[in-house]
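These are my notebook entries on aromatic pairs, strand pairing and confidence. I begin with confidence and then turn to the rings and the sheet.

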Amino acid sequence: MRKSEKEFTEQNLFNIKKLFYDKLAMNEPPTVTRSDSSFYPPILYPSAPSAQTKKSMNKRKRYRKAIYIPVTVALSLCLVTGAAASVGIIDLSTVLHFLGADRIGILQPVHQVSEDQGIRMEVIGAVRDGDTTEIYVSLSDLTGHRIDDTLDVYDYRVTGGNANNAQIIHYDDANQTAIVRFLIQGKVSKNRITVQINTLMSGASQQDGYNVQVDWKQLLQEKQNNSYEILERDRISGLGGKTDPIPVLHQDVTNIPVEGIDWVHISNIGFVEGKLHIQINPDNEIGEYNHGYFYFTDEQGQKLDIPEYSISYGHYLKGRVRYGGDYEEFVYDLSAVDDLDKLRLQGSFTSISEVMQGNWKTTFNLSQNGLSKEGNIQFDANGVLQANVALSAVGVTLTGEALSKIRVEDLSIEVHLKDGTKLSGASGFLQLDQDLIKWISPKTIPVNDVSYLLLNGEKVNFER
């Protein structure tokens, strides 16, 4: 037997014992299913015994008595140790060394692997606490250099919850491996969780200051003469800051390039009802993933604060699939600008160099840790900005109808413990949905030891 190169830890021993006793109890080997992706059984911490578990415990008791021979036990333990090595027991403190020991302590180890397109996805560990599910996944390229610190998990699905977020939190340059944290918010009715990724992107670069050469003199002459159409609702796939009716320019009247950007061009530009419309038609392949916007500067290069909104509309075919949002139109209210001919139009664009499509999918069991406390807060004097507050070991959840009016950058929090110490953070807030904000604590919160919270200086007492 080849000697393992990894250091044998206390956690390894715990997992091996768990496998051993489970094997004796069930009298069957762990199930391993293989298809295009490789799936391995999760290693879960023991939980409170259910009726079925008690039945298994009784069965285990009888079975252990029947084979209680020291040599046989030693041989069985040796065989289970080999099985544990074959499924690749994870030492979370090694793989997730950038996390605190207290956070690692509440994670359930998981070893679920899926490979496709030469890229390996592995679910490392996870925790369900309150209504929050936190999952740590590693992604590595087995054949090239497509995974880097700009990795973006673009298209993914995680079962359960009503809001989610995927964010790279650590990158190992030596092994070219990215660790992505998935956050799923909402009640999950089952302990069976599936993580699926369909599209990954990397090589993102953002740059401001792209110059757009437009003929302001001609635009101003044609200001009253531009023709337009009114969009039907079924043609709109995205809308920001505007209600009915929706006037837009006719499509593909011009072909104005954006210097330095080859995946997009201005397909029409002109004034409609006194507002400037800039219509772009991105390339259907890479333009589907890249994005950007236009802005105005004065002659000295200072950005101007111009009211605006945008519309995505139209359709295009990719293969035999119909997609929406082929065209995007930016609308600017320039009524407060005196000298329009002195404006400078520029662009800010993010370009992706690598798009990886595949089917990375794993399923595993994840039990619930339901310890939490609840309270509420009123952010303003007139009671418009109110929120329910839920505290768990993972962090704090804010829910309320008007939370979209709060900028997460403006939030701060202090968790005050009964012994007088506190946890604080001016970052870590995520807007997961229009009425849902989540704060992820850098350290695991001892829920029973929390006395109260301070959110933007406002005290939150807990009901239980």
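Entry 1, confidence. I looked first at the stretch of residues 1–6, where pLDDT stays under 50 and the model has zero contacts beyond four places in sequence. I then looked at residues 17–88, where pLDDT also stays under 50. For this second stretch I noted 76 contacts beyond four places in sequence. The model is a predicted one, and I recorded a mean pLDDT of 76 for the protein, with 73% of its residues at 70 or more.

Entry 2, aromatic pairs. I asked how many aromatic pairs the structure holds. The count is 11. I took up Tyr210 and Phe349, whose ring centres lie 5.8 Å apart. Their planes stand at 70 degrees, and edge-to-face requires over 60, so I entered the pair as edge-to-face. Tyr210 belongs to strand β10 (residues 205–211) and Phe349 to strand β20 (residues 344–351), so this pair ties together parts that are 139 residues apart in sequence. Buried or exposed, I asked of Tyr210 and Phe349? I found both to be buried.

Entry 3, a further pair. I next examined Phe296 and Tyr332, an edge-to-face pair with 5.1 Å centre to centre and 90 degrees between the planes. Phe296 is in strand β17 (residues 291–297) and Tyr332 in strand β19 (residues 321–332); the pair links distant parts of the chain, 36 residues apart. I noted that Phe296 and Tyr332 are both buried.

Entry 4, the ring cluster. I followed the ring pairs and found that they link Tyr210, Trp263, Phe294, Phe330 and Phe349 into a cluster.

Entry 5, charges over rings. I looked for lysines placed over aromatic rings. The charged end of Lys303 sits over the ring of Tyr295, at 4.3 Å from the ring's centre. I also recorded Lys459 over the face of Tyr452, with 4.4 Å to the ring centre.

Entry 6, the sheet. I asked in what order the three strands of the open sheet are arranged. The order is β10-β20-β17, with antiparallel pairing. I marked β10 and β17 as the edge strands, since each pairs on one side only. On average, neighbouring strands of this sheet are turned by 20 degrees against each other, direction ignored.

Entry 7, β10 and β20. I traced the contact between these antiparallel strands and found five bridges joining β10 to β20. For Ser205 I entered Ser351, in β20, as the bridge partner.

Definitions and conventions: Residues are numbered from 1 along each chain as its sequence is written. This is a predicted model: local features need pLDDT of at least 70, side-chain atom pairs count only at pLDDT 80 or more; totals for chains, interfaces and linings use all residues. Side-chain values use heavy atoms; hydrogens and water are left out. Rings of Phe, Tyr and Trp (its six-membered ring) pair if their centres lie within 6.5 Å; planes under 30 degrees apart count as stacked, over 60 as edge-to-face and the rest as tilted. Helices (H or I, at least four residues) and strands (E, at least two) are DSSP runs, numbered from the N terminus. Buried means under 20% relative accessible area, exposed over 50%, partly exposed in between (1.4 Å probe, protein chains only). A charge sits over a ring if NZ of Lys or CZ of Arg is within 6 Å of the ring centre and within 35 degrees of the ring normal. Two strands pair if DSSP finds at least two bridges between them. Axes are lines fitted to C-alpha atoms, for helices over the stretch in contact, and angles run from 0 to 180 degrees between N-to-C directions. pLDDT is the predictor's confidence in each residue, from 0 to 100. Contact means heavy atoms within 4.5 Å.
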